[in-house]
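Please open the model in your viewer and follow the stops below in order. Each stop names a selection and then describes what is found there.

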There are 4 protein chains.
Amino acid sequence: MKKTTPNKLKILNDPIYGFIQIPNSLIFDVIEHPYFQRLRRITQMGFSNLVYPGANHTRFHHAIGCMHLMQKAIRVLRFKQVEISDKEECGLYLAILLHDIGHGAFSHALEHSIVSGISHEEISLKFMKKLNEEFSGELTLAIEIFEGKNPRKFLGQLISSQLDIDRLDYLKRDSFYTGVTEGNISSDRLIAMMNVKNDELVIEKKGIYSVEKFLIARRLMYWQVYLHKTGLVAENILVNVLKRAKELAEKGVELYSSSALHYFLYNQINANNFTEETLEMFSKLDDYDILSAIKEWVNHDDKILSLLAKMIVDRNLLRIEMQKEAFEDSYIDKKKQKAVEKLNISKEETRYFVFTQQIRNQAYNLEKPVLILNKKGKLKDIAKASDQLNLQALTKPVVKHFICYPK
Amino acid sequence: MKKTTPNKLKILNDPIYGFIQIPNSLIFDVIEHPYFQRLRRITQMGFSNLVYPGANHTRFHHAIGCMHLMQKAIRVLRFKQVEISDKEECGLYLAILLHDIGHGAFSHALEHSIVSGISHEEISLKFMKKLNEEFSGELTLAIEIFEGKNPRKFLGQLISSQLDIDRLDYLKRDSFYTGVTEGNISSDRLIAMMNVKNDELVIEKKGIYSVEKFLIARRLMYWQVYLHKTGLVAENILVNVLKRAKELAEKGVELYSSSALHYFLYNQINANNFTEETLEMFSKLDDYDILSAIKEWVNHDDKILSLLAKMIVDRNLLRIEMQKEAFEDSYIDKKKQKAVEKLNISKEETRYFVFTQQIRNQAYNLEKPVLILNKKGKLKDIAKASDQLNLQALTKPVVKHFICYPK
Amino acid sequence: MKKTTPNKLKILNDPIYGFIQIPNSLIFDVIEHPYFQRLRRITQMGFSNLVYPGANHTRFHHAIGCMHLMQKAIRVLRFKQVEISDKEECGLYLAILLHDIGHGAFSHALEHSIVSGISHEEISLKFMKKLNEEFSGELTLAIEIFEGKNPRKFLGQLISSQLDIDRLDYLKRDSFYTGVTEGNISSDRLIAMMNVKNDELVIEKKGIYSVEKFLIARRLMYWQVYLHKTGLVAENILVNVLKRAKELAEKGVELYSSSALHYFLYNQINANNFTEETLEMFSKLDDYDILSAIKEWVNHDDKILSLLAKMIVDRNLLRIEMQKEAFEDSYIDKKKQKAVEKLNISKEETRYFVFTQQIRNQAYNLEKPVLILNKKGKLKDIAKASDQLNLQALTKPVVKHFICYPK
Amino acid sequence: MKKTTPNKLKILNDPIYGFIQIPNSLIFDVIEHPYFQRLRRITQMGFSNLVYPGANHTRFHHAIGCMHLMQKAIRVLRFKQVEISDKEECGLYLAILLHDIGHGAFSHALEHSIVSGISHEEISLKFMKKLNEEFSGELTLAIEIFEGKNPRKFLGQLISSQLDIDRLDYLKRDSFYTGVTEGNISSDRLIAMMNVKNDELVIEKKGIYSVEKFLIARRLMYWQVYLHKTGLVAENILVNVLKRAKELAEKGVELYSSSALHYFLYNQINANNFTEETLEMFSKLDDYDILSAIKEWVNHDDKILSLLAKMIVDRNLLRIEMQKEAFEDSYIDKKKQKAVEKLNISKEETRYFVFTQQIRNQAYNLEKPVLILNKKGKLKDIAKASDQLNLQALTKPVVKHFICYPK
């Protein structure tokens, strides 16, 4: 591990945790890298700020916050005699810092419109490998941990599991910035209850209520925030505006766009042709490219594009209805018919304005259980260790359907 | 309602809510009354501060906090066109302020030792009637509301129900002062979701996750805080030390005690002989009488009394074990035998040091349901309205058993 | 005042205040207007997020927060028997909501580069007048208050004075989001101490320490946050990049830019030719236009433009030194010489990279004093009422000088 | 340093800091000692809870909080390459934990009535020496640090100086529990700015505004909280009630009192006859002895004692006036005359009910300056390093006078 030169001992302010210390100069240099700095221009919650105006925090801050919680977790585990070498410590910091670096602008929306067939995790991995070259192999262990290939399973579980550091930060952070205080979780307590048994990350028994509370808070955040009606509408209009733009691009129509956005509009990018040039272009693309283009498209000749763009810019969105059952075809058709009249568009074009979708959330996944360690050293799935709160029920995915259509 | 004279416009600081305003001079005078001032000397959580050192808040502050939340609730309901007259408003303030005024020192411990066969609610009512005399009948409506006799049912439900103002304050307050942040509830949001339908207090549909969260938080507070092992031991030792003192008193043994404590030790008080003099004596009795006596009893000749007292003062308590099943007689007997040897006491006397008990908590009670109001104006029990979180499961009381014995 | 239709009773979450209620449907409609929605895309603190990564809050949220504090202030004043009519109440809400609507993208930077000779207050007024037309004169009183022309002086002082609602929100909000907890002020307490005497806004005597604390906190925020070195560098580079772009535009060089930004780059806009069309264009211009253009300019042929743009995008800024005295010419010249060599540019061109500036802050302005009301009803300037803390000293502007140059 | 046995690894909840870890088993055992447990029964702020009902926190919690901040300070200093051995670390924990152990019940009141001529610091030292015997000399270094005799001056300065850990905790804690948010200081930031130069504790230059803010916050807390009128009256009545009790005791009058209180009432204790027995008695005396006795004295035959006691119990206090100048004799005399009539007591006896006093607070003491370390490694007194805020002015003690008399 590189020695830390004094002028790189940096401290960052965080409204949530107070001060965050950058532990060494390698980490410092990674944070300074343009790839990482780009995360400053990608909001964590996309268009949720249309519902919760405080939710403008960025992926940059989330990643830094994760690193801070990782420092706490390592301190707790070492205090409990879990051995973690200096190299592993640094690997954990790098892995958690970079776990989301492949997220596109406006997060998930892009995955459904601009690029196809490649997940943000895969792109994160591409970024990490590129950085590993630049940093002469110093990220090798971090990549191994990130990929879940390190034999000490808990290292990978700290990065990705049902109770990983990522979730501990984002639930707390999203709850904080949205002002939805009920989603607040006690990251500190959950971390204080962590331990390692047979190289697996486990939670000590007296943390059982905290885990339950964490699962319930997460579920609440899903239905109240992440899947909030208005946010869903906005995100879907965004997907549609990008889809429309891409279709126009394919036809050779000219569109105001930054060079990075232009690249992704006018090329069909998927997992197979995602070259190093693509990665470089991807590293230039952020929320600013997308939203500034949409603002300009408000005045585009293409009516569909213009209408959709205007909805976002003026926050004058489609209406949305949500229910447990799928919507009947006749109902959808009625809405399409009205849209034809109202917007003076063809029936075929109504697909941009009238659409249904199914959303689901599973509060707890039995396949990768949260393990509870009792006093005798035995492990138990939380779903069985909990005395009453029917956690089994939380394993059943909740499914809802929504329909959007013009007001 | 009395006019408010300017010098009675008081504002109180509250670490939780910021500022609390005393709405009028009648309320001000009730707060100034010695009966109410006594609540300054009764902690809300008894010996929980032996576990959570921050938990020294008093019943006084809780009552004031309730009044503040009631102000918010009234503002919300009126905004939603629910008519609440000025008289009813004042009645609600008085009823919530005084709902706990009959609590004895160290709260529930006293009910099991010093007085018998009379609940703190009954004593609260006695205080309220006495105050009503002093204030020339100005508390009549408040008493009616407190007793649940007012025809507008929601008035009484704001004071006492599964989602009453009392709970909204104490859960928030206890969570705040213990530092158990996971018990924190969003009183503000729950109040914002309140409405009245057919004179019943109801919660609007979009508040459903908040109610669920509230129920889970309450359950967490029960098992993690209110029924915390160490707190349970301390409270039971307290009950035993008072029982022992009372037994000695009956035998004519002299005991250091304040005049108020003396009255309750040397007289057998129950619902039938609870006179006005008793009420006056009760109004003098607070945590200071009890704890200062126990401190003195450390040096009493009676070995049992002295041992028990010392345990509390030095926080050197009995050991406790908890489990789902009742403890077997043979196990209890073994512990008693050991106590005989260890403390050099008779088998019979071990009942002060070796004892078992059953505790239970029901997270949700179907009989007095929390009603959810959907958009079409229909009411539904939350246990049925919730889409997944098996709330039905929360209606089943959880029972646990514990045994205490000397270390 | 328009009647409030039920579906317009909106509540917004605020991480700072909890819930914010929109008081009536006129206010609701003004908030929905595209002019106001634009504030969602303008950050309150510009490039301060390069130093304080949490500081991404928008002018939209600040304006809404101000409205909330205004509701509190009106409640307090009415409680103290200050008469405020419903019309005045609504006027205050509108005036405070719209007081900053004329702010340009990245706030102050624009005023020094893109438009000239017209302040954001003047532009706010233009927006308000335009809205007043659209809303059939319902903003007339608000405009009068905003302009300080209403005879009841305290109405205007709530909008603009040394202790106005604007400051009470932005100091609290900026402190909250930056995580600089020391800048936190007790808006609640300051509002609770407000009163009106001779139609002037005054502070009651027992609020004197709170005002002192407010002045000190504001001063701290200036030097530690608003005038933070890194923020200053970034803002000045932004000004320079826009200046350079404008110079190139004047020469006819083509520049990637949105139509709104194009308008302001290729036209010379000042107070005299600020037409209704200009206002419309201004209403389209936000942070996204600016930053997305800068990102593109990184690859522009013009070396100066490209270098400056890259500094911002990669957060690889100029070095800055700050001191009490002006920098000597010889020192500046030396830095310029080095820049010539390092960047391979002409001496003349170094003005974009090597520059000095003077900053100043006056913590308290004697000319528009904060008036303290003592118990006998006398008014005193806080600078004289304070017993010790030499507030007189705070009236002396503090001046500092800085120089920027390439690393 | 003793090895830590796993079952002694304790974590305590703190509403302010979250979790506090007890670092080793020696510390654990000291905390468990009855001398230290006694601090659970002594409130930090005495009768301030009569004004700020949330202020019931104890000296126990404050001491634990100090230990937590000390852990942070040590971590920061070691990170900056200041060498602190494990033994010194433990000594710092013990010294800060025990720095206030000699405080009497209701803190300062006792020093002016029950014992005389001996400060709480001297008593703390006695306790520490006694504990050092019990713990076989393991507190020797802690005592040396506490007495300021360790050659590494910064160790002592962390315990006692103008910016010591004690103040960092109590200002934060008192501000938190009173709800006077303006007194809140950023302990975290101040600690982050600490460094050691020539074995002196210093603050790095960029912490200068934080120190200023800290001084102003402390000053605000003095005048608004610690020297709040109502608190002052209550404390002075408490002193008088104890003085009267002592006078009666000297005359042989019998008084209800615990054995510990009895000892101090019926013996004249001062620095010269403060034996080991006295220390043992002192260790039994806490808020409960005092307040429970006062409650009983309400019904004592002695009219003076009874009147004073009743004032406290019913919170029906004397009136107080405060001003910058001393009160004139004639004014005092007039008040005494009225008291004679009103209470039907002798002129001589009015001294318990009519009295004046002078209070003073010096916000900053030049003699033990807070040293600022600039980038070149030079040290400067903060009063000179600060650019504007006339800190010199803060060195002048502010003096006020008050008079109390019956309503």
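**First stop: a helix pair in chain C**

In this predicted model, begin by selecting Ala63(C), Ile64(C), Cys66(C), Met67(C), Met70(C), Gln71(C), Ile74(C) and Arg78(C) of α3(C), which meet Asp86(C), Glu89(C), Leu92(C), Tyr93(C), Ile96(C) and Leu97(C) of α4(C). Colour this selection by residue class: the contact of α3(C) with α4(C) has ten nonpolar, one polar and three charged residues.

Next, display the two helices whole, selecting residues 59–79 of chain C for α3 and residues 86–98 of chain C for α4. How are two packed helices described? The angle between their axes and the distance between the axes serve for this. Here the angle is about 150°, and the axes lie 8 Å apart. Because angles over 145 degrees count as roughly antiparallel, α3(C) is roughly antiparallel to α4(C). Viewed as a crossing, the passage of α3(C) over α4(C) is right-handed.

**Second stop: chains A and C together**

Now show chain A beside chain C. What rotation superposes chain C on chain A? A rotation of 180°, with 0.0 Å of shift along its axis, does so with an RMSD of 0.0 Å. The two copies are therefore related as by a two-fold rotation axis.

Select the interface residues of chain C: 100% of them are also interface residues in chain A, so the copies meet through the same surface.

**Third stop: an annotated stretch of chain A**

Finally, select residues 59–171 of chain A, which UniProt lists in an unreviewed entry as "domain: HD". Over this stretch the chain is 65% helix and 2% strand. The C-alpha atoms at the ends of residues 59–171 of chain A are 13 Å apart.

Terms used:
Residues are numbered from 1 along each chain as its sequence is written. Chains are lettered from A and ligands numbered from 1 in the order in which they are written. This is a predicted model: local features need pLDDT of at least 70, side-chain atom pairs count only at pLDDT 80 or more; totals for chains, interfaces and linings use all residues. Side-chain values use heavy atoms; hydrogens and water are left out. Axes are lines fitted to C-alpha atoms, for helices over the stretch in contact, and angles run from 0 to 180 degrees between N-to-C directions. Helices (H or I, at least four residues) and strands (E, at least two) are DSSP runs, numbered from the N terminus. Angles under 35 degrees count as roughly parallel, over 145 as roughly antiparallel, 65 to 115 as roughly perpendicular and the rest as oblique. A crossing is left-handed if the near helix is turned anticlockwise from the far one by less than a right angle, and right-handed if clockwise. Contact means heavy atoms within 4.5 Å. Ala, Val, Leu, Ile, Met, Phe, Trp, Tyr, Cys and Pro count as nonpolar, Asp, Glu, Lys and Arg as charged, and the others, Gly among them, as polar. Copies are superposed by least squares on the C-alpha atoms of residues with pLDDT of at least 70 in both. UniProt positions are given in the numbering used here, feature names are shortened, and annotations may be inferred rather than shown by experiment.
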